[in-house]
Amino acid sequence: MLLAELVTASTRVAATRSRNAKVEAIADALRSAEPAEVGLVAAYLSGVLPQRRLGVGWRGLREVSQSAEHPTLQVAEVDAVFGQIAGAHGEGSVARRAGLVRDLLARATEAEQRLLRGLIAGEIRQGALDGVMLKAIAAAFDVPEGAVRRAVMLAGYAAPVAAAAMAGGEAALDTIGLQAGRPMRPMLAASAPSIGDAFEELGGAEVAIECKIDGIRVQAHKLDDEVRLFTRSLEEVTDRLPEVVEAVASLPARALVLDGEVVALRPDGRPEPFQVTGARTASRKDPQQLRTVTPVTPLFFDILHHAGADLLDRPARERHALLAETVPSQWRVARAEPAGATEAQQHFEEWVAAGHEGVVLKRLDSTYAAGRRGAGWVKVKPRHTLDLVVLAVEWGSGRRRGKLSNIHLGARDPQAGGLVMLGKTFKGMTDEMLEWQTRRFDELAVERGDHVVTVRPEQVVEVAFDGVQRSTRYPSGLALRFARVIRYRDDKSADEADTIDTVRALGGL
Ligand code: AMP
């Protein structure tokens, strides 16, 4: 398949707001792909590279001046070059990667170059997000959407699922299961403003209460002697966390998949602020050296596979019993089975006083809803926080001259579609954050006014605030009081941000 056909599909997706039209554009592209390429087509149209990261900076992408007049590049050829780029290691590899990118771009038309640049920089999120991709695979190969969703959650990505659907329809999708060694989408939690509300949301069922650890979500896979670790966004971090690898390797089970958090703890057992764990996990410096300064501890809360048996459809009660048999308590999240809301409230206060982020309440009869905000888990945090999307940003003044500073915050509006603005904030940002966001929002800019720069609404930011009030200032009719930035969330995409309904509920409005 010519890369140009993908450009056409991706242009059709970007040009329409209609979900159905997006689905149709992607389904057409999937149908016309060769069986060997259909996975790549699904991956590229989701903005994902099978190689994950190519190690090419955005500077390297800007340098090209040449372009081809006519499209000749094949999708499979592009994948082969991406494979070479990702595989370049060691001395001279930076220059070799840059050379490969330059040669590839020089063979592409201008429209193809835009697509390739976006793919390499990981910036294509034009609406071909999972929901649309799932529907497109279902439509292209006439298979039920539910079967596609299940398979994507268990396979981690759309690519192998598109290939299976094309090759063998629904029967082939059903053979896709959880595999030790291959990451799957983790289950997510709903949120409630208080313990009482959380109990209500869980419908009076028997629950466990667990400490909510403010670290990095890690899925640990063990198969014989090999251990692999993946983050929430399925990025592999095995090489960065040797002490976690050692802990998992020491467990007796032969095949194992565990779900949990990795966190830096102080010698007295209190968690370090999130930034410390985040910096350790993100750092590419020598992990053996880093672990001596900032050791991290795995705290697991779920077991998904054990010795050949998939546990996703077993009730949480049973999974936890097996977890407790398999993993010693120093590597498990603190947990209790409270008799009611009063007892749960006591645990909440105790754990928050011990420096933790909050709690997660879990129905004991719930299955593991891979990739979904399942009804079985509800988180409660002591302060109000929201994950919002940055819509625009203002140039700073005074000490912040030359920096993109005051960010405009939006929540999702599922009824109307799109995002609605709720406020602005320039509070809570560290100097590093200001540096980072100035670069980031410059890259995302779509309109550069003298004072306000409008950006593609892709960056999620976690903000704390003191309350929600009615306001005529913003189209949402709501405003946040004293919003301040806690951190940028690179593990969430805009379609996972909080909704205006959540904001209204938090304000009791
Ligand atoms: P949030 O990222 O704010 O949506 O909260 C959900 C996240 O809390 C999960 O994705 C986990 O990374 C994290 N978490 C921390 N402790 C737990 C726990 N005991 N159970 C489930 N998730 C937890």
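Domain 2 and domain 3 bury about 680 Å² between them in this predicted model, and 39% of that area sits on carbon and sulfur atoms. On the domain 2 side, Pro193, Arg232 and Phe274 give up the most area to domain 3; taken together, these three make up 50% of what that side buries. The size of an interface is often given as the accessible area lost when the parts come together, so that's a handy place to start.

**How the chain is divided**
- The domain assignment splits the chain into domain 1 (3-174), domain 2 (188-380) and domain 3 (384-506).
- If you go by C-alpha centres, domain 2 and domain 3 are 29 Å apart.

**Who touches whom**
- Contact between the two involves 8 residues of domain 2 and 7 residues of domain 3.
- Sort the domain 2 residues that touch domain 3 by character, and you get 4 charged, 3 nonpolar and 1 polar.

**Salt bridges and polar contacts**
- The rule picks up 2 salt bridges across the interface of domain 2 and domain 3.
- Arg487 and Asp214 pair up through their side chains in a salt bridge, with 3.2 Å from N to O.
- As for polar contacts, 2 residue pairs turn up across the interface of domain 2 and domain 3, with both residues at pLDDT 80 or more.

**A cavity to look at**
- Set the threshold at 30 Å³ or more and the count is 1 cavity.
- The largest cavity has a volume of about 80 Å³.
- Its lining includes the charged residues Glu210, Asp302, Arg319, Arg335, Lys362 and Arg363.
- Also lining the largest cavity are Ala208, Phe301, Ala316, His320, Leu364 and Trp377.

Methods
Residues numbered from 1 in each chain as written. Predicted model: local features only at pLDDT ≥ 70, side-chain atom pairs only at ≥ 80, totals over all residues. Heavy atoms only, no water. Domains from an automatic or database assignment. Contact = heavy atoms within 4.5 Å. Buried area = accessible area lost by both parts, 1.4 Å probe. Salt bridge = Lys/Arg side-chain N within 4 Å of Asp/Glu carboxyl O. Polar contact = N/O pair within 3.5 Å; in protein donor to acceptor, adjacent residues only side chain to side chain. 1 Å grid on protein atoms, 1.4 Å probe; cavity = no way out; pocket = protein on both sides within 12 Å on 5 of 7 lines; lining within 4 Å. Points joined across faces, edges and corners; volume = space filled by probe spheres on them.
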